[in-house]
Amino acid sequence: MFDSLSDRLGGVFDKLRGRGALKEQDVRDAMREVRIALLEADVALPVVRRFVDQVTEKAVGQDVLRSVTPGQQVIKIVNDALIETLGGDTTPELDLNATPPIVIMMVGLQGSGKTTSTAKIAKLLKEKHGKKAMMASLDVNRPAAQEQLKVLGEQVGVATLPIIAGQQPTEIATRALQSAKLQAVDVLLLDTAGRLHVDQQLMDEMKAVSAISTPREVLLVVDSLTGQDAVNVAQSFAGQVDLTGVVLTRMDGDARGGAALSMRAVTGKPIKFAGTGEKLDAIEVFQPARVANRILG
Ligand code: GDP
């Protein structure tokens, strides 16, 4: 995760640490390299600019340059700025403060890891939060989608809504809610249909399902490997539905980190979970401080 970004930044900071005293120009040179490293990591340009400006402003202050360990201080400033860019100090929790069944709606493009993430979160809710969960697939476009969720449900030990062929997404959502109420389910996860591209039909369907189910959480699943595209997708969705958070998948293979670093700043939406592998327990609550730590090594 973030290996290439981490290597680049590591190189810059080794140089800073190596010097006893630092001049303003040393900091500016280092920041120029940080800027290049972030751009190569596919971080959105405005985010890079803000990051570098903020860090430079703090780091060239006399307090830092005259201190005993200026290199360390600059690295600390970068660390703090990374945490802020990734979403700040607090870990965004799922909002489960509502009368059950609490609905979590999962949205995203096909292939982003949406169905897998739905099952991973259901497993987490069951095992870590002691919740009775239930899942329903509203994907009527891809023939195997409903079956896929059923199989995953069996693997994680979470019930899925029985499949009735020919039903429309809003009908399935209504049936899922009724069933969840009858069975005293705490959290109902709705896995909505994905498409290859953001299109209006997908958006309309998503809005209709949202209107029926009044979700407490609307989580957008995006693939971190798509870099800035992931952020663009998030912006499109955020313009149509009230997203409460993002699930960033395939972080295990993401050497660059551009999506993670741009998401919050560009869309204003917190990354709530990171997918870290194909296995059904390969999901982490996204903790900016821990992620920053990994990046800085
Ligand atoms: P959907 O079309 O969005 O529902 O995507 P799927 O949930 O079917 O996932 C597509 C593929 O991506 C599957 O092979 C998953 O195992 C894989 N996948 C999902 N999340 C992750 C992740 O965080 N890391 C890795 N390495 N693979 C993932």
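This text walks through the structure, from the whole chain to its sheet, two of its strands and one helix residue.

The model is a predicted one. Its chain has 297 residues, and 54% of them are buried. Along the principal axes, the C-alpha trace spans about 70 × 35 × 30 Å. Twelve helices and eight strands are found in the chain. The accessible surface amounts to about 13400 Å², and carbon and sulfur atoms account for 48% of that. The chain carries 35 positive and 36 negative charges, and the mean positions of the two sets lie 2 Å apart. Contacts can also be sorted by distance along the sequence. Of those between residues at least 6 apart in sequence, 76% join residues at least 24 apart.

Next comes the sheet. Strands of a sheet pair through backbone hydrogen bonds, in either a parallel or an antiparallel sense. Here eight strands form an open sheet with mixed pairing, in the order S3-S2-S4-S1-S5-S6-S7-S8. Which strands stand at the edges of the sheet? They are S3 (159–160) and S8 (283–285); each has a single partner strand, so one side of each has no neighbour in the sheet.

Strand S1, residues 102–108, has S4 and S5 beside it in the sheet order. With strand S4 (residues 187–191), S1 pairs in the parallel sense over five bridges. One of the positions involved is Ile-104, whose bridge partner in S4 is Leu-189. With strand S5 (residues 217–223), S1 again pairs in the parallel sense, over five bridges. On that side Met-106 stands opposite Leu-219, and Gly-108 has Val-221 as its bridge partner.

Is strand S1 enclosed by the rest of the structure or open? Seven of its seven residues are buried, so S1 is largely enclosed by the rest of the structure. In a regular strand the side chains alternate between the two faces of the sheet. In S1, Ile-102, Ile-104, Met-106 and Gly-108 point one way, while Val-103, Met-105 and Val-107 point the other way. The residues of both groups are all buried.

Strand S4 can be read in the same manner. Five of its five residues are buried, and the strand is mostly covered. Val-187, Leu-189 and Asp-191 point one way from S4, and Leu-188 and Leu-190 point the other way; all are buried. Besides its pairing with S1, S4 pairs with strand S2 (residues 133–137), in the parallel sense and over five bridges. In this pair Met-134 stands opposite Leu-188.

Now consider a residue in a helix. Thr-267 lies in helix H11, which covers residues 258–267. Why does Thr-267 count as buried? Its relative accessibility is 14%, and the cut-off for buried is under 20%. Leaving aside residues up to four places away in sequence, Thr-267 touches Val-231, Ala-234 and Gln-235. Thr-267 and Lys-23 are 244 residues apart in sequence, and their C-alpha atoms are 36 Å apart in space.

The last stop is an annotated stretch. An unreviewed UniProt entry places the feature "domain: SRP54-type proteins GTP-binding" at residues 270–283. Over these residues the chain is 0% helix and 43% strand. The C-alpha atoms at the two ends of the stretch are 16 Å apart.

Notes. Residues are numbered from 1 along each chain as its sequence is written. This is a predicted model: local features need pLDDT of at least 70, side-chain atom pairs count only at pLDDT 80 or more; totals for chains, interfaces and linings use all residues. Side-chain values use heavy atoms; hydrogens and water are left out. UniProt positions are given in the numbering used here, feature names are shortened, and annotations may be inferred rather than shown by experiment. Helices (H or I, at least four residues) and strands (E, at least two) are DSSP runs, numbered from the N terminus. Buried means under 20% relative accessible area, exposed over 50%, partly exposed in between (1.4 Å probe, protein chains only). Contact means heavy atoms within 4.5 Å. Accessible areas come from the Shrake-Rupley method with a 1.4 Å probe; for residues, only the protein chains shown count as cover. Lys and Arg count as positive and Asp and Glu as negative; His and the chain ends are not counted. The place of a charge is taken as NZ of Lys, CZ of Arg, CG of Asp or CD of Glu. Two strands pair if DSSP finds at least two bridges between them.
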